[in-house]
Amino acid sequence: MSFRKEKKFRLSYGDMLLLKEDLLASGMKALYPPRNINSCYFDTKDFRLYSESEEGVLPRKKVRIRWYNQSDNFTKEEKISSVEGRFKTTKALDAGHTLDDIKNMQLIDQIYGVLVPALIVSYQREYYSLNQLRVTFDKRISYVDLRHMSNPEYQDGECVMEIKTPISCDDDYIESIVPHSTSRFSKYSRGLLASDGAL
C-alpha cells in the first residue's frame, strides 16, 4: 500500500492554457500522449459515498469502473481517503464485459453493502512531469446521470490540474513550484450537482 498526496487546482479553460504555458516554460515535460478517461461511479441507493465525500468523512472511499479511450478493458478501482493519506486499489474485470453490462452491474462492498451505477464521468487527460512532480490536466469533462432513465448528459465548464506526489513530499515544495491556490474538485460530486442543477 503506497499513500500519496493529491493537490487539485480548479481552472477555467483559459487559465489552464496560461498555467500550462508557464509550467512548460519552467521545464514541465510531457510523459505520455493524452487519452480519454471514462469512469462509472457506484454508490448506495441513498448515496452514502457521495454524502461522506461532501462531508469530508475519514476514512471514506469512491468505487468506480474505469476504461480508457474506446477500449472495452474495464478495471474496478477503489480510492480510499484516510488520515494517513490516499491510496488506490485496482482490479481488472474479466474480459467480455460491455458498457451496458457496467450500467446494469451491482457491486458488493464489505462496508457499504450493495452499490449501483450512479454516474459516468468522461474527460481528456494530459500527463506531465515537473521537478519530480506528476502533473495532469483534465478538460472536456462531461457527466452522464445514470439515476434517470433518459441518462441526461452535462458538460462541465471548468478544468482541473492535479499534482500527485508521495506522502512525504512537503507542501512548501509543491507551492514553490506551483504558487496557486488549491481547491476541491471531485468529478463525481460535481457531476451529481450538475445533474441536480446545483453546479
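Helices (H or I, at least four residues) and strands (E, at least two) are DSSP runs here, numbered from the N terminus. This is a predicted model, so local features need pLDDT of at least 70 and side-chain atom pairs count only at pLDDT 80 or more, while totals for chains, interfaces and linings use all residues. Residues are numbered from 1 along each chain as its sequence is written, and side-chain values use heavy atoms, with hydrogens and water left out.

Let's start with helix H1, residues 13-25, where Tyr13 sits. H1 has 13 residues and runs 19 Å from its first C-alpha to its last, close to the 18 Å expected at 1.5 Å a residue (the expected span is 1.5 Å times one less than the number of residues). Its buried residues are Met16, Leu19, Lys20 and Leu23. They sit on the same side of H1, because they cover an arc of only 105° around the axis, taken from the directions from the helix axis to the C-beta atoms. For the labels, buried means under 20% relative accessible area, exposed over 50%, and partly exposed in between (1.4 Å probe, protein chains only).

And the cover over that buried side? It includes strands S1 (4-11), S7 (113-130), S8 (133-145) and S10 (159-166), along with helix H4 (171-177). The face of H1 turned away from the buried side carries the exposed residues Leu18, Glu21 and Ala25. After H1 comes Gly27, with a positive phi near 110°.

Back to Tyr13: leaving aside neighbours within four places in sequence, Tyr13 is in contact with Lys139 and Cys159, where contact means heavy atoms within 4.5 Å. Asp46 is 33 residues from Tyr13 along the chain, and their C-alpha atoms are 34 Å apart.

Now for Lys187, which is in helix H5 (residues 187-195). The side chain of Lys187 makes a 2.8 Å polar contact with that of Asp138. A polar contact is a pair of N or O atoms within 3.5 Å; within protein, one must be able to donate a hydrogen and the other to accept it, and residues adjacent in sequence count only if both atoms are side-chain atoms. Beyond the neighbours within four places in sequence, the contacts of Lys187 include Leu119, Val121, Tyr123 and Arg125, as well as Ile141, Tyr143 and Val160.

Here is how four residues compare in accessibility:

| Residue | Relative accessible area | Label |
|---|---|---|
| Tyr13 | 41% | partly exposed |
| Cys40 | 0% | buried |
| Cys169 | 13% | buried |
| Lys187 | 9% | buried |

As for disulfides (pairs of cysteine sulfur atoms within 2.5 Å), the structure holds zero.
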